[in-house]
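The exercises below are meant to be worked with the sequence and the three-dimensional view open side by side. Try each task before reading its solution.

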Amino acid sequence: MRKPASLLTSKDANGSIGERIDTWVRPGIRALSAYHVPDAGDYIKLDAMENPHSWPKGMVRGWLETLRTAPLNRYPDPQAAALAARLRQAMAVPASAGVLLGNGSDEIIQMIALALGGEGRVLLVPEPSFVMYRMLACATGMDYVGVPLREDFSLDREAMLVAIARHRPAVVFLAYPNNPTGNLFRGEDITALIAATPGVVVVDEAYHAFAGESFMPQVLDHANLLVMRTVSKMGLAGLRLGLLAGPADWVREFDKVRLPYNINVLTQHSAEFALRHGDVLDAQTQQICADRRALFTALSAMRGLTVYPSRANFILIRTPRGQATAIFDGLKRLGILIKNMHGAGGPLADCLRVTVGTARENTAFLSALKTVLSVHTD
Ligand SMILES: *Cc1c(COP(=O)(O)O)cnc(C)c1O
(Lines give C-alpha, C1' and ligand atoms only; values in the text may rest on other atoms or scores of the structure.)
Protein backbone atom coordinates (compact mmCIF):
# COMPACT_ATOMS: atom_id res chain seq x y z
CA MET A 1 0.00 0.00 0.00
CA ARG A 2 1.31 3.46 -0.88
CA LYS A 3 1.91 5.67 2.10
CA PRO A 4 0.15 9.03 1.94
CA ALA A 5 2.55 11.67 0.65
CA SER A 6 2.24 13.58 3.88
CA LEU A 7 3.84 10.72 5.80
CA LEU A 8 6.86 10.60 3.51
CA THR A 9 7.58 14.28 3.52
CA SER A 10 6.18 15.53 6.78
CA LYS A 11 8.42 16.22 9.72
CA ASP A 12 7.57 15.36 13.25
CA ALA A 13 9.72 16.04 16.29
CA ASN A 14 12.10 13.24 15.23
CA GLY A 15 12.50 14.43 11.65
CA SER A 16 11.63 13.27 8.12
CA ILE A 17 12.62 9.91 6.69
CA GLY A 18 15.69 11.48 5.11
CA GLU A 19 16.73 13.15 8.35
CA ARG A 20 16.26 9.97 10.33
CA ILE A 21 18.34 8.02 7.81
CA ASP A 22 21.08 10.63 8.06
CA THR A 23 20.97 10.36 11.83
CA TRP A 24 20.76 6.61 12.24
CA VAL A 25 22.30 4.73 9.32
CA ARG A 26 26.03 4.48 10.03
CA PRO A 27 28.05 6.78 7.76
CA GLY A 28 30.08 3.81 6.44
CA ILE A 29 26.85 2.15 5.26
CA ARG A 30 25.38 5.30 3.73
CA ALA A 31 28.58 5.66 1.70
CA LEU A 32 28.21 2.12 0.27
CA SER A 33 26.25 1.26 -2.81
CA ALA A 34 24.44 -2.07 -2.86
CA TYR A 35 26.21 -4.83 -4.82
CA HIS A 36 24.89 -4.42 -8.33
CA VAL A 37 23.91 -7.50 -10.30
CA PRO A 38 22.83 -6.71 -13.86
CA ASP A 39 19.63 -8.24 -15.20
CA ALA A 40 20.72 -11.27 -17.21
CA GLY A 41 17.79 -10.95 -19.64
CA ASP A 42 18.30 -13.11 -22.74
CA TYR A 43 22.02 -12.52 -22.93
CA ILE A 44 24.66 -15.18 -23.31
CA LYS A 45 25.77 -14.78 -19.73
CA LEU A 46 29.55 -14.69 -19.34
CA ASP A 47 29.78 -12.19 -16.48
CA ALA A 48 29.61 -14.11 -13.19
CA MET A 49 31.95 -17.12 -13.30
CA GLU A 50 29.07 -19.56 -13.40
CA ASN A 51 29.51 -23.09 -14.71
CA PRO A 52 27.53 -23.09 -18.00
CA HIS A 53 26.90 -26.84 -18.07
CA SER A 54 23.77 -28.61 -16.87
CA TRP A 55 23.42 -32.15 -15.50
CA PRO A 56 22.61 -35.32 -17.44
CA LYS A 57 18.86 -36.05 -17.39
CA GLY A 58 19.23 -39.16 -15.21
CA MET A 59 21.11 -37.17 -12.62
CA VAL A 60 18.42 -34.50 -12.54
CA ARG A 61 15.84 -37.24 -11.89
CA GLY A 62 17.92 -38.64 -9.04
CA TRP A 63 18.25 -35.20 -7.52
CA LEU A 64 14.49 -34.56 -7.66
CA GLU A 65 13.96 -37.94 -6.01
CA THR A 66 16.26 -36.84 -3.17
CA LEU A 67 14.32 -33.62 -2.71
CA ARG A 68 11.04 -35.51 -2.48
CA THR A 69 12.00 -36.65 1.02
CA ALA A 70 13.48 -33.36 2.21
CA PRO A 71 11.56 -32.36 5.37
CA LEU A 72 10.62 -28.77 4.59
CA ASN A 73 8.52 -28.48 7.76
CA ARG A 74 11.60 -28.98 9.95
CA TYR A 75 14.50 -26.66 10.58
CA PRO A 76 17.65 -27.91 8.87
CA ASP A 77 20.40 -29.74 10.76
CA PRO A 78 22.18 -26.73 12.32
CA GLN A 79 25.60 -28.34 11.84
CA ALA A 80 24.76 -29.82 8.42
CA ALA A 81 26.74 -32.80 9.66
CA ALA A 82 26.20 -35.17 6.73
CA LEU A 83 26.99 -32.49 4.20
CA ALA A 84 30.03 -31.29 6.16
CA ALA A 85 31.41 -34.84 6.21
CA ARG A 86 30.89 -35.12 2.45
CA LEU A 87 32.60 -31.75 1.88
CA ARG A 88 35.56 -32.71 4.09
CA GLN A 89 36.10 -35.71 1.92
CA ALA A 90 35.56 -33.93 -1.42
CA MET A 91 37.85 -31.04 -0.44
CA ALA A 92 40.51 -33.13 1.33
CA VAL A 93 40.21 -31.23 4.62
CA PRO A 94 42.73 -32.61 7.18
CA ALA A 95 40.90 -34.81 9.70
CA SER A 96 41.65 -32.71 12.79
CA ALA A 97 40.85 -29.35 11.14
CA GLY A 98 37.67 -27.51 12.10
CA VAL A 99 35.08 -26.82 9.42
CA LEU A 100 32.42 -24.12 9.17
CA LEU A 101 29.78 -23.85 6.44
CA GLY A 102 28.39 -20.61 5.11
CA ASN A 103 25.53 -19.48 2.90
CA GLY A 104 28.08 -18.95 0.15
CA SER A 105 31.63 -18.02 1.03
CA ASP A 106 30.40 -14.42 1.05
CA GLU A 107 28.67 -15.22 4.33
CA ILE A 108 31.90 -16.70 5.71
CA ILE A 109 33.76 -13.49 4.88
CA GLN A 110 31.02 -11.66 6.77
CA MET A 111 31.32 -14.00 9.79
CA ILE A 112 35.08 -13.49 9.95
CA ALA A 113 34.65 -9.72 9.74
CA LEU A 114 31.94 -9.78 12.43
CA ALA A 115 34.10 -11.86 14.78
CA LEU A 116 37.33 -9.89 14.26
CA GLY A 117 35.93 -6.43 13.48
CA GLY A 118 35.59 -3.40 15.67
CA GLU A 119 37.00 0.04 16.17
CA GLY A 120 40.46 0.29 14.60
CA ARG A 121 40.56 -3.34 13.42
CA VAL A 122 42.09 -3.66 9.95
CA LEU A 123 41.08 -5.95 7.08
CA LEU A 124 43.93 -5.95 4.55
CA VAL A 125 43.75 -7.10 0.94
CA PRO A 126 46.01 -6.85 -2.11
CA GLU A 127 44.28 -4.87 -4.87
CA PRO A 128 42.65 -5.37 -7.27
CA SER A 129 40.82 -8.30 -5.73
CA PHE A 130 37.35 -9.58 -4.88
CA VAL A 131 35.11 -6.61 -4.04
CA MET A 132 33.18 -8.32 -1.25
CA TYR A 133 36.20 -8.06 1.08
CA ARG A 134 35.96 -4.29 0.99
CA MET A 135 32.17 -4.18 1.11
CA LEU A 136 32.01 -6.45 4.16
CA ALA A 137 34.84 -4.60 5.90
CA CYS A 138 32.81 -1.41 5.50
CA ALA A 139 29.53 -3.07 6.48
CA THR A 140 31.02 -4.43 9.70
CA GLY A 141 32.84 -1.22 10.57
CA MET A 142 36.37 -2.51 9.97
CA ASP A 143 39.15 -0.34 8.55
CA TYR A 144 39.94 -1.48 5.02
CA VAL A 145 43.51 -1.32 3.69
CA GLY A 146 44.26 -2.16 0.04
CA VAL A 147 47.83 -2.79 -1.09
CA PRO A 148 48.45 -2.56 -4.85
CA LEU A 149 49.58 -5.66 -6.72
CA ARG A 150 52.53 -5.32 -9.10
CA GLU A 151 51.85 -4.35 -12.69
CA ASP A 152 51.74 -8.03 -13.73
CA PHE A 153 49.20 -8.60 -10.89
CA SER A 154 51.65 -10.64 -8.82
CA LEU A 155 51.81 -10.02 -5.06
CA ASP A 156 54.10 -7.17 -4.06
CA ARG A 157 55.59 -9.09 -1.17
CA GLU A 158 57.68 -6.18 0.15
CA ALA A 159 54.77 -3.73 0.04
CA MET A 160 52.51 -6.28 1.73
CA LEU A 161 55.04 -6.90 4.50
CA VAL A 162 55.44 -3.17 5.09
CA ALA A 163 51.66 -2.69 5.22
CA ILE A 164 51.23 -5.66 7.56
CA ALA A 165 53.90 -4.31 9.94
CA ARG A 166 52.30 -0.89 9.85
CA HIS A 167 48.60 -1.75 10.10
CA ARG A 168 48.80 -5.01 12.08
CA PRO A 169 45.71 -6.42 10.34
CA ALA A 170 43.18 -8.60 12.16
CA VAL A 171 42.68 -10.42 8.85
CA VAL A 172 44.31 -10.60 5.43
CA PHE A 173 42.31 -12.06 2.53
CA LEU A 174 44.20 -13.59 -0.40
CA ALA A 175 42.15 -14.89 -3.31
CA TYR A 176 44.07 -17.84 -4.77
CA PRO A 177 43.62 -17.66 -7.78
CA ASN A 178 42.80 -13.96 -7.62
CA ASN A 179 39.57 -12.45 -8.96
CA PRO A 180 39.40 -10.46 -11.30
CA THR A 181 42.98 -11.02 -12.48
CA GLY A 182 42.91 -14.85 -12.72
CA ASN A 183 46.49 -15.48 -11.61
CA LEU A 184 47.80 -17.57 -8.73
CA PHE A 185 50.06 -15.72 -6.32
CA ARG A 186 53.40 -17.40 -5.55
CA GLY A 187 53.05 -19.90 -2.73
CA GLU A 188 56.24 -18.76 -1.02
CA ASP A 189 55.01 -15.14 -0.96
CA ILE A 190 51.80 -16.27 0.73
CA THR A 191 53.77 -18.30 3.27
CA ALA A 192 55.84 -15.22 4.11
CA LEU A 193 52.67 -13.16 4.61
CA ILE A 194 51.15 -15.82 6.87
CA ALA A 195 54.29 -15.73 9.03
CA ALA A 196 54.22 -11.92 9.25
CA THR A 197 50.49 -11.40 9.91
CA PRO A 198 49.52 -10.88 13.55
CA GLY A 199 45.87 -11.82 12.87
CA VAL A 200 44.59 -14.51 10.51
CA VAL A 201 45.24 -15.03 6.80
CA VAL A 202 42.31 -16.40 4.81
CA VAL A 203 43.35 -18.03 1.56
CA ASP A 204 40.18 -17.83 -0.55
CA GLU A 205 40.25 -20.77 -2.95
CA ALA A 206 36.96 -20.08 -4.74
CA TYR A 207 38.54 -21.15 -8.05
CA HIS A 208 40.41 -24.15 -6.72
CA ALA A 209 38.69 -26.55 -9.11
CA PHE A 210 40.37 -24.81 -12.06
CA ALA A 211 43.75 -24.16 -10.44
CA GLY A 212 44.85 -27.35 -8.74
CA GLU A 213 47.15 -25.59 -6.25
CA SER A 214 45.92 -25.36 -2.67
CA PHE A 215 46.90 -24.41 0.85
CA MET A 216 44.47 -26.98 2.28
CA PRO A 217 47.23 -29.55 3.02
CA GLN A 218 49.04 -26.91 5.13
CA VAL A 219 46.01 -25.53 6.93
CA LEU A 220 47.17 -26.92 10.29
CA ASP A 221 50.84 -25.99 9.84
CA HIS A 222 50.32 -22.38 10.94
CA ALA A 223 48.72 -20.69 13.94
CA ASN A 224 46.76 -18.30 11.72
CA LEU A 225 45.91 -19.87 8.36
CA LEU A 226 42.35 -20.52 7.21
CA VAL A 227 41.36 -21.89 3.81
CA MET A 228 38.02 -20.97 2.25
CA ARG A 229 36.26 -22.86 -0.54
CA THR A 230 32.92 -22.60 -2.28
CA VAL A 231 30.84 -24.90 -4.48
CA SER A 232 29.67 -21.90 -6.54
CA LYS A 233 32.30 -22.00 -9.23
CA MET A 234 32.15 -25.82 -9.37
CA GLY A 235 28.66 -25.60 -10.80
CA LEU A 236 26.43 -25.03 -7.76
CA ALA A 237 26.24 -21.24 -7.55
CA GLY A 238 22.47 -21.41 -7.01
CA LEU A 239 22.79 -23.39 -3.79
CA ARG A 240 24.89 -20.84 -1.90
CA LEU A 241 27.39 -22.95 0.00
CA GLY A 242 30.90 -22.18 1.15
CA LEU A 243 33.34 -23.81 3.56
CA LEU A 244 36.01 -22.55 5.92
CA ALA A 245 38.69 -24.94 7.19
CA GLY A 246 41.39 -24.27 9.75
CA PRO A 247 42.59 -24.87 13.30
CA ALA A 248 39.53 -26.04 15.26
CA ASP A 249 39.96 -23.34 17.92
CA TRP A 250 39.74 -20.55 15.35
CA VAL A 251 36.78 -22.13 13.59
CA ARG A 252 34.89 -22.45 16.89
CA GLU A 253 35.17 -18.70 17.45
CA PHE A 254 33.82 -17.85 13.99
CA ASP A 255 31.02 -20.37 14.49
CA LYS A 256 29.68 -18.18 17.32
CA VAL A 257 28.53 -15.48 14.89
CA ARG A 258 26.99 -17.96 12.45
CA LEU A 259 23.20 -17.84 12.32
CA PRO A 260 21.94 -21.24 13.52
CA TYR A 261 20.24 -22.51 10.36
CA ASN A 262 22.31 -20.81 7.68
CA ILE A 263 22.44 -23.83 5.35
CA ASN A 264 18.87 -24.59 4.32
CA VAL A 265 17.34 -28.04 3.87
CA LEU A 266 17.28 -27.89 0.07
CA THR A 267 20.93 -26.87 -0.08
CA GLN A 268 21.98 -29.59 2.34
CA HIS A 269 20.19 -32.30 0.33
CA SER A 270 21.14 -30.94 -3.09
CA ALA A 271 24.82 -30.37 -2.35
CA GLU A 272 25.18 -33.78 -0.77
CA PHE A 273 23.60 -35.33 -3.83
CA ALA A 274 25.81 -33.33 -6.19
CA LEU A 275 28.98 -34.28 -4.31
CA ARG A 276 28.00 -37.95 -4.58
CA HIS A 277 28.20 -37.32 -8.33
CA GLY A 278 31.48 -35.45 -8.10
CA ASP A 279 32.69 -37.17 -11.27
CA VAL A 280 30.12 -35.20 -13.29
CA LEU A 281 31.24 -31.89 -11.76
CA ASP A 282 34.90 -32.85 -12.27
CA ALA A 283 34.33 -33.66 -15.93
CA GLN A 284 32.62 -30.27 -16.39
CA THR A 285 35.58 -28.57 -14.70
CA GLN A 286 38.02 -30.32 -17.03
CA GLN A 287 35.91 -29.23 -19.99
CA ILE A 288 35.97 -25.63 -18.76
CA CYS A 289 39.78 -25.75 -18.37
CA ALA A 290 40.15 -27.05 -21.93
CA ASP A 291 37.77 -24.38 -23.24
CA ARG A 292 39.69 -21.74 -21.27
CA ARG A 293 42.87 -22.71 -23.11
CA ALA A 294 41.12 -22.44 -26.47
CA LEU A 295 39.56 -19.10 -25.53
CA PHE A 296 42.91 -17.76 -24.33
CA THR A 297 44.61 -18.77 -27.59
CA ALA A 298 41.89 -17.19 -29.71
CA LEU A 299 41.88 -13.95 -27.70
CA SER A 300 45.67 -13.73 -27.75
CA ALA A 301 45.59 -13.78 -31.55
CA MET A 302 43.37 -10.67 -31.68
CA ARG A 303 45.12 -7.42 -32.42
CA GLY A 304 45.10 -4.74 -29.72
CA LEU A 305 44.24 -6.99 -26.77
CA THR A 306 46.43 -7.93 -23.82
CA VAL A 307 45.16 -11.23 -22.44
CA TYR A 308 46.17 -12.28 -18.94
CA PRO A 309 46.89 -15.98 -18.32
CA SER A 310 44.26 -17.45 -16.00
CA ARG A 311 44.14 -20.32 -13.53
CA ALA A 312 40.41 -19.72 -12.97
CA ASN A 313 37.25 -20.02 -15.11
CA PHE A 314 37.46 -16.47 -16.46
CA ILE A 315 39.93 -14.37 -18.41
CA LEU A 316 40.90 -10.73 -17.90
CA ILE A 317 41.46 -8.75 -21.08
CA ARG A 318 43.03 -5.31 -21.49
CA THR A 319 41.48 -3.47 -24.44
CA PRO A 320 42.91 -0.53 -26.40
CA ARG A 321 42.98 2.60 -24.26
CA GLY A 322 39.65 4.27 -23.65
CA GLN A 323 37.55 1.66 -25.45
CA ALA A 324 36.54 -0.89 -22.83
CA THR A 325 33.07 0.53 -22.26
CA ALA A 326 32.32 0.86 -25.98
CA ILE A 327 33.44 -2.74 -26.54
CA PHE A 328 31.39 -3.92 -23.55
CA ASP A 329 28.31 -2.09 -24.85
CA GLY A 330 28.91 -3.39 -28.38
CA LEU A 331 29.01 -6.96 -27.11
CA LYS A 332 25.82 -6.37 -25.16
CA ARG A 333 24.07 -5.13 -28.29
CA LEU A 334 25.12 -8.41 -29.89
CA GLY A 335 23.55 -10.35 -27.01
CA ILE A 336 26.63 -11.08 -24.92
CA LEU A 337 27.03 -10.01 -21.31
CA ILE A 338 30.53 -9.94 -19.83
CA LYS A 339 31.92 -7.81 -16.99
CA ASN A 340 33.22 -4.30 -17.56
CA MET A 341 36.03 -3.70 -15.07
CA HIS A 342 36.89 -0.27 -16.42
CA GLY A 343 34.87 1.55 -13.77
CA ALA A 344 37.08 0.11 -11.03
CA GLY A 345 39.86 2.30 -12.42
CA GLY A 346 43.54 2.06 -11.56
CA PRO A 347 45.14 -1.05 -13.04
CA LEU A 348 41.72 -2.28 -14.17
CA ALA A 349 41.10 0.71 -16.43
CA ASP A 350 40.45 -0.55 -20.00
CA CYS A 351 39.87 -4.10 -18.69
CA LEU A 352 37.04 -6.54 -19.36
CA ARG A 353 36.50 -9.92 -17.71
CA VAL A 354 34.89 -12.83 -19.52
CA THR A 355 33.74 -16.08 -17.92
CA VAL A 356 34.52 -19.29 -19.82
CA GLY A 357 31.20 -20.54 -21.19
CA THR A 358 30.29 -23.56 -23.29
CA ALA A 359 32.29 -24.00 -26.49
CA ARG A 360 29.32 -22.55 -28.40
CA GLU A 361 29.02 -19.55 -26.12
CA ASN A 362 32.75 -18.89 -26.37
CA THR A 363 32.58 -19.02 -30.17
CA ALA A 364 29.65 -16.59 -30.14
CA PHE A 365 31.59 -14.27 -27.83
CA LEU A 366 34.74 -14.40 -30.00
CA SER A 367 32.82 -13.71 -33.16
CA ALA A 368 30.95 -10.79 -31.56
CA LEU A 369 34.22 -9.43 -30.18
CA LYS A 370 35.81 -9.55 -33.65
CA THR A 371 32.89 -7.58 -35.03
CA VAL A 372 33.02 -5.00 -32.24
CA LEU A 373 36.81 -4.62 -32.40
CA SER A 374 36.76 -4.05 -36.14
CA VAL A 375 34.47 -1.09 -35.52
CA HIS A 376 36.40 0.37 -32.60
CA THR A 377 40.07 -0.12 -33.37
CA ASP A 378 40.46 0.99 -36.98
C1 LIG B 1 32.88 -15.82 -6.43
C2 LIG B 1 33.84 -15.60 -5.33
C3 LIG B 1 33.48 -15.83 -4.00
C4 LIG B 1 32.03 -15.97 -3.60
O5 LIG B 1 31.62 -17.22 -3.55
P6 LIG B 1 30.17 -17.60 -3.00
O7 LIG B 1 30.47 -18.88 -2.33
O8 LIG B 1 29.33 -17.74 -4.22
O9 LIG B 1 29.68 -16.57 -2.06
C10 LIG B 1 34.43 -15.72 -3.02
N11 LIG B 1 35.68 -15.36 -3.32
C12 LIG B 1 36.07 -15.09 -4.57
C13 LIG B 1 37.46 -14.67 -4.85
C14 LIG B 1 35.15 -15.17 -5.62
O15 LIG B 1 35.51 -14.83 -6.85
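Is Arg68 buried or exposed? Arg68 is exposed, because its relative accessible area is 62%, and exposed means over 50%, buried under 20%, and partly exposed in between (1.4 Å probe, protein chains only).

The model is a predicted one, in which local features need pLDDT of at least 70 and side-chain atom pairs count only at pLDDT 80 or more, whereas totals for chains, interfaces and linings use all residues. Residues are numbered from 1 along each chain as its sequence is written, and side-chain values use heavy atoms, with hydrogens and water left out.

**Exercise 1. Describe the salt bridge of Arg68 and the setting of its partner.**

Step 1. The side chain of Arg68 forms a salt bridge with that of Glu65 at 3.0 Å, N to O, where a salt bridge is a side-chain nitrogen of Lys or Arg within 4 Å of a carboxyl oxygen of Asp or Glu.

Step 2. Both residues belong to helix α4 (residues 57-68) and sit three residues apart, about one turn of the helix; helices here are DSSP runs (H or I, at least four residues), as strands are (E, at least two), numbered from the N terminus.

Step 3. Glu65 is classed as partly exposed, because its relative accessible area is 44%.

**Exercise 2. Carry out the analysis for Glu272 and Arg276, then look for a network.**

Step 1. The side chains of Glu272 and Arg276 are joined by a salt bridge of 3.8 Å, N to O, and these residues are four residues apart in helix α13 (residues 265-276), about one turn of the helix.

Step 2. Glu272 is partly exposed because its relative accessible area is 21%, and Arg276 counts as partly exposed because its relative accessibility is 41%.

Step 3. Elsewhere, Arg157, Arg186, Glu188 and Asp189 are connected into one network by salt bridges that share partners.

Step 4. The count of salt bridges by this rule is 15.

**Exercise 3. Work out which residues surround the ligand and which polar atoms approach it.**

Step 1. The shell holds 14 residues, and the closest of them are Asp204, Tyr207, Thr230, Ser232 and Lys233; a residue is near a molecule if one of its heavy atoms lies within 4 Å of it.

Step 2. The shell is made up of five nonpolar, five polar and four charged residues, and α6 (105-116) and α11 (232-236) each contribute at least two residues to it.

Step 3. An N or O atom in the side chain of Asp204 is 2.6 Å from a nitrogen atom of the ligand, while a polar side-chain atom of Ser232 is 2.6 Å from a ligand oxygen atom.

Step 4. For Lys233, a side-chain N or O atom is 3.4 Å from an oxygen atom of the ligand.

Step 5. Of the 390 Å² of accessible area that the ligand has on its own, the protein covers 94%, with areas computed by the Shrake-Rupley method with a 1.4 Å probe.

**Exercise 4. Place Gly104 in the fold and decide whether this residue is buried or exposed.**

Step 1. Gly104 is found in the loop between β2 (98-102) and α6.

Step 2. Gly104 is buried, because its relative accessible area is 0%.

Step 3. Leaving aside neighbours within four places in sequence, Gly104 is in contact (heavy atoms within 4.5 Å) with Arg240, Leu241 and Gly242.

Step 4. Gly104 and Arg229 are 125 residues apart in sequence, and their C-alpha atoms are 9.1 Å apart in space.

Technical notes
A polar contact is a pair of N or O atoms within 3.5 Å; within protein, one must be able to donate a hydrogen and the other to accept it, and residues adjacent in sequence count only if both atoms are side-chain atoms. Ala, Val, Leu, Ile, Met, Phe, Trp, Tyr, Cys and Pro count as nonpolar, Asp, Glu, Lys and Arg as charged, and the others, Gly among them, as polar.
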